[in-house]
Amino acid sequence: MRKTGVTGLMLLLFTFFLSLSVSAEDTAVCRNGTGTVWQDGKKLSQLLDGSGYTRVPVANGTEFNIVCEHEIGALYLEFCTAPGEWTLISEAGERRCGENGFLHEYIPSLSGHELTLRFQGDGELCDIFLLSRGERPDWVQDWQPSWDRADVLLLPAHSDDDQLFFAGVIPWCLEQGARVQVAYLVSHNDDMERRNELLDGLWCAGLRNYPVLGEYDDIGRSTSNHLPFYEARGIGWEVFEARQVELYRRFQPQVVITHAEDGEYGHGAHKFYESLAVGTIDSAGNPACCPASAEQYGVWTPRKVYVHNWPEHQIRLDLDSPLPSRGMSAFEVSLEAFRKHTSQFASFSWWICSSRTAAGLELYNPAEYGLYATTVGYDDATDTFFDHITLYDEEERMQREAEEARLLAEQAAEEQRQAEEARLLAQQAAEEQRQAQQAAEEQRQTQREQRYRAAAVLVLTVVAAGAIVWLIRNHPRKPGNARSRQKEK
């Protein structure tokens, strides 16, 4: 009995741990040893090492063949440079991928043990993650396209500024239900790892709509406005103006948030992006300025523009109260997101991690902003970006409700019209029925009267005939009359 009990317990434990392993396998990642990537017969182990620092170039005609011991349920790729559209070949056939140009791309709903990736453009691939069937792990980024219309356009110069000098802004705005679009200035083409850190940090902060990546080289930490450096490279103000105006027109932001005028700690790129953000407000609303984007998107003037640490018309966000959806404060969320910027953590952790709260930061406080420009009036509330603003989701909800109310009113009016038409038709039918009944009754009355007259004529005729007969019978001829007739003869 004791041996049987021990055996049963061991069997129960084995079954329990087996169920755990199966459950874990639902979202397991095929790493080296269980998955292999081949190119022209050469094994590319660096694509499965999970390191953004190793990369493999791709070009038109490049093919990677992937084999995995486990069935592949989904694919997650991290590019350093997006190659444009490419083709995924599996047992189910071919699938076009890369249409959005995302650096991190998630492809679900796969099956089988082998895949082929065929590229048509130039790029660099950092990592391939082969996922088995099950729910997508939280760390796997399934990006959605950028917004058509954004409540907030956040303008960080570099890939970590959104979690440093704007720490807490993204999770705070998302908690309010705002659509947040981020657009960077610097490309980080000289340090591709920072682009992957950028996406990792944004995803951790809660953003799900793909950012606009920067297009321009980082000139360094010069304290001078960077425009002269760009002009020396042949990139003048008009180029930057056209891009910024297009951003405003494309996303139609209600609120724009940009760097401090002094560049926070004096960074020239921060200063330049701030001057660009405030210097193109009027241009974006002028159809004569940058006519190409005006024709494509129409013109747009941001309703409110906030400058970090601007001394006028200040607001102060509460970034330290727990967010109901996250269980931590907006500032704490951004601290966690900043840790994704491993290449920059040592440079700025001394400042951003010096306080457990945003309110405790004396330098470059990320909770303080000033209203630089407005088309909707100055703020009455001093703890929000959205005073005098109706968020797009709310605006669209109100429009849907108004449209639904209009359609319901139209439907009710149509039903009332149909009911009135039915009533009139019923009334007309009733009148026609009454007239028909009246005509029938009149006809019957006429027929009765005709029968009465005929009967009366018949009676009178009979009476007259009877009278005549009676007269004839009761009044015999007189004799004189007979002699008179003889004389006449």
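Against which helices do the buried residues of α10 pack? In this predicted model, the buried residues of α10 pack against α2 (161-164), α3 (169-175), α4 (193-205) and α11 (345-352).

## Helix α10

Helix α10 spans residues 330-338, and because seven of its nine residues are buried, this helix is largely enclosed by the rest of the structure. The buried positions are A330, F331, V333, S334, L335, A337 and F338, where a residue counts as buried if its relative accessible area is under 20%.

As background to reading such a list, an α-helix has 3.6 residues a turn, so residues three or four places apart point the same way.

## Strand β15 and its neighbours

Strand β15, residues 304-308, is likewise largely enclosed by the rest of the structure, because five of its five residues are buried. Its side chains are divided between two directions: K304, Y306 and H308 point one way from β15, while V305 and V307 point the other way, and all of these residues are buried.

Two strands pair with β15. Strand β14, residues 255-258, runs parallel to β15 and is joined to it by four bridges, with V256 having V305 as its bridge partner in β15. Strand β17, residues 368-374, pairs with β15 in the antiparallel sense over five bridges, and here V307 of β15 stands opposite G370 in β17.

## The chain as a whole

The protein chain contains 13 helices and 17 strands. Of its 489 residues, 42% are buried, and among the contacts with a separation of 6 or more, 78% are accounted for by residues 24 or more positions apart.

The overall dimensions depart from those of a compact globule: for 489 residues such a globule would have a radius of gyration near 23 Å, whereas the protein chain has 45 Å. Taken along the principal axes, the box filled by the C-alpha atoms is roughly 170 × 80 × 55 Å.

## Surface and charge

The protein chain exposes about 25,900 Å², and carbon and sulfur atoms supply 53% of that area. The chain carries 46 positive and 73 negative charges, and the mean positions of these two sets are 23 Å apart.

Technical notes. Residues are numbered from 1 along each chain as its sequence is written. This is a predicted model: local features need pLDDT of at least 70, side-chain atom pairs count only at pLDDT 80 or more; totals for chains, interfaces and linings use all residues. Side-chain values use heavy atoms; hydrogens and water are left out. Buried means under 20% relative accessible area, exposed over 50%, partly exposed in between (1.4 Å probe, protein chains only). Two strands pair if DSSP finds at least two bridges between them. The radius of gyration is taken over C-alpha atoms; the globule rule is 2.2 Å times the number of residues to the power 0.38. Contact means heavy atoms within 4.5 Å. Accessible areas come from the Shrake-Rupley method with a 1.4 Å probe; for residues, only the protein chains shown count as cover. Lys and Arg count as positive and Asp and Glu as negative; His and the chain ends are not counted. The place of a charge is taken as NZ of Lys, CZ of Arg, CG of Asp or CD of Glu.
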